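Visitor: Could you take me through one part of this model in detail? I would like to see how a single helix sits among its neighbours.

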Amino acid sequence: MLLELKDICRNYGTGQAVVVALKNACLQVNEGDYIAIMGPSGSGKTTLMNVLGCLDKADSGTYILDGIDISAMNDNELSDVRLHKIGFVFQTFQLLAGETALDNVALPLIYAGVKKEEREKRAAEALEKVGLGERLSFYPSQLSGGQKQRVAIARAMINNPRILLADEPTGALDQASGRQVMELFRKLNEEGTTVIMITHDANVAKNAEKVMYIVDGELSDHFGGDVHEQ
Amino acid sequence: MIENIRLSFRGILSHKMRSFLTMLGIIIGIAAIIAIVSTIQGTNEQIQKNLIGSGVNNVRISLNQGDWEYDYSSGIPDGIVPVTDEQLADLRKIRHAENVSLYHQRQDYDGVYHAATSLSGGYVMGIDTSYLDAAGLQIRSGRGISSEDLLHFRKVCLLDTDSSNSLFQGEDPLNQTIEIRGEPFVIVGTVGDKESFQPLIKTMTDYYTYSGEKSGKVYIPSTCWPVLYQYDEPEYVVIRADKTENMTAIGKDAESILNQNISGDYTYKAQNLMEQAKQIQQLSQSTNTMLIWIAAISLLVGGIGVMNIMLVSFTERTSEIGLKKAIGAPKKAILIQFLTEAVVLTSLGGILGVITGIILAYLISNLNGTPVAISVPASVFAVAFSMAIGIVFGILPSYKAANLDPIEALRRE
């Protein structure tokens, strides 16, 4: 098993104003899985994503990733886990506007301590793979939304992570670009990458092998009565 | 690290206006300090040059009665004897002394004539072959005093530029005869200060000091001295130091050698030009120290400006920081990135400030006529100091950036 969440709870705020974001969430992911997690806004999707991505720590419960207990780690160890084991794809791409596509993709390699030539070589290969081999020196402002998201995917994959975490990857894209991104996810999954995708769009979720639902912080693998497809 | 510096430069260049305004405080502060320091240094060098003469560096030691230089025209005091051979040998052994010469000197108000022209207030100097070199003088025409002149008591003499001008009014004095105390002396040469000596007279005090020196000198072989004046008259000593800095020490050493066998009211004293120069320098320095403090305040303000801009730029770049943390940048990397940016920014400001300061110093010197000496250590220090400002005022924003919560940062768009 690649990843296991056991009874994860996460609350925000204190006293009367406590907001429960995750309630005893359990999740098991095997290597090579392609999972979509669906839920309406405010259901705890993003919190789940943050916990899975080691950006946030659970208040209770255990999180085992790749055989390591994440719950007990400090800040520096967590950033190391993010660097080597997790690739992020965001709804809003989160590319650095002042850097070329190549430099954006190469960014995580700087923190991994890879030398400049090696970084550029690997970043160029990664961009080639997402079909942007011709646009290495383009700035984000010169790229379309779909192209930007593909740059972001190349960046997420550059360190060969164990999981690709995507938060509404098609949320800011038109349908055609969205399909291209889904196509890319499918291809990456076929090559063995584990993908966890958060979305509120059932059409997008269909691309995954398995769909899970989150409602009011509770995660389940069947569709609850009060969640409506959008 | 190089990567960080490169990124900082890119960041600075992509916000040219903002970066420039940030640096402005540092630029002005550093420029003011460099301009002030350069002007002080220039003035100091000028003072030193005026009083001591660059490249001359000679220390003169004379007998003093109380606080006043003793005038041998009123007779030789009891117990004061000429400098002994042992003393001379000791004088020659003083460290950093390049040449030592003994000489006689007399201000002879009415003793030197060419026809009916008198060299009033001029000095007669009894010298040997070593004097010109020790005193930093150059032969301008003819020859110097030779050992034959000394050996055969030849009545020959040298004039300096001032005495030659007073006695001959531009006429060539060579081979002419003048009278000193009624004795005829043939002029065999003229001497002058080394060319590097360029006095600058700015105040009335300067004028009096300098004009006292300018009343003209006539140099005769020291062996002729007793013929004109008196036997066994003690000599003055002139020592040429290798460096200006060593003049004070040489003067002290020479005093202690010469004062070994005299007592009472009389002492040998070195004419301490170095000390005088220092006193004047201190005077100008203390006024300028205040100016430096004022400039330092502007540097402080500049530093606060840097901190402000860093804080602004950090708010602007929250999502960048959030992303970097999300993809695995450790705290340290973010801290170093921001700190490098601050240091690069302030160092750049420092370098620009040094350049501006140098330009400013030359402008001031053009307006005021004060000399400029660009101080390399001060410039290096200024740049190092602005780097330090970058670190001090960059640490707070950088620390804030490094500790940013990535979730919070990514949420803000």
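Guide: Happy to; what follows is a close look at helix 6 of chain A and then at the sheet. Please keep in mind that this is a predicted model.

Helix 6 of chain A runs over residues 175-190, 16 residues in total. From its first C-alpha to its last it reaches 22 Å, close to the 22 Å expected at 1.5 Å a residue. Its buried residues are G178(A), V181(A), L184(A), F185(A) and L188(A). They cover an arc of only 120 degrees around the axis, so they lie on the same side of helix 6 of chain A. The face turned away from that buried side carries the exposed residues Q175(A), A176(A), E183(A), K187(A) and E190(A).

What lies over the buried residues? The cover includes helix 5 (145-157), strand 7 (163-167), strand 8 (194-199) and helix 7 (202-205) of chain A. After helix 6 of chain A comes G192(A), with a positive phi near 115 degrees.

Strands 7 and 8 of chain A lead us on to the sheet. Here 6 strands of chain A form an open sheet with mixed pairing, in the order 6-7-8-3-9-10. Strand 6 (86-89) and strand 10 (218-220) of chain A stand at the edges with a single partner strand each, so one side of each has no neighbour in the sheet. On average, neighbouring strands of this sheet are turned by 20 degrees against each other, direction ignored. Elsewhere in the order, strand 3 (residues 34-38) and strand 9 (residues 210-215) of chain A pair in the parallel sense over 4 bridges. In strand 9 of chain A, K210(A) is the bridge partner of I35(A).

Terms used. Residues are numbered from 1 along each chain as its sequence is written. Chains are lettered from A and ligands numbered from 1 in the order in which they are written. This is a predicted model: local features need pLDDT of at least 70, side-chain atom pairs count only at pLDDT 80 or more; totals for chains, interfaces and linings use all residues. Two strands pair if DSSP finds at least two bridges between them. Helices (H or I, at least four residues) and strands (E, at least two) are DSSP runs, numbered from the N terminus. Axes are lines fitted to C-alpha atoms, for helices over the stretch in contact, and angles run from 0 to 180 degrees between N-to-C directions. The expected span of a helix is 1.5 Å times one less than its number of residues. A residue is buried if 20 or more other C-beta atoms lie within 10 Å of its own, exposed if 12 or fewer, and partly exposed in between; C-beta atoms are placed from the backbone. The arc is that of the directions from the helix axis to the C-beta atoms. Two residues are in contact if their C-beta atoms, placed from the backbone, lie within 7 Å.
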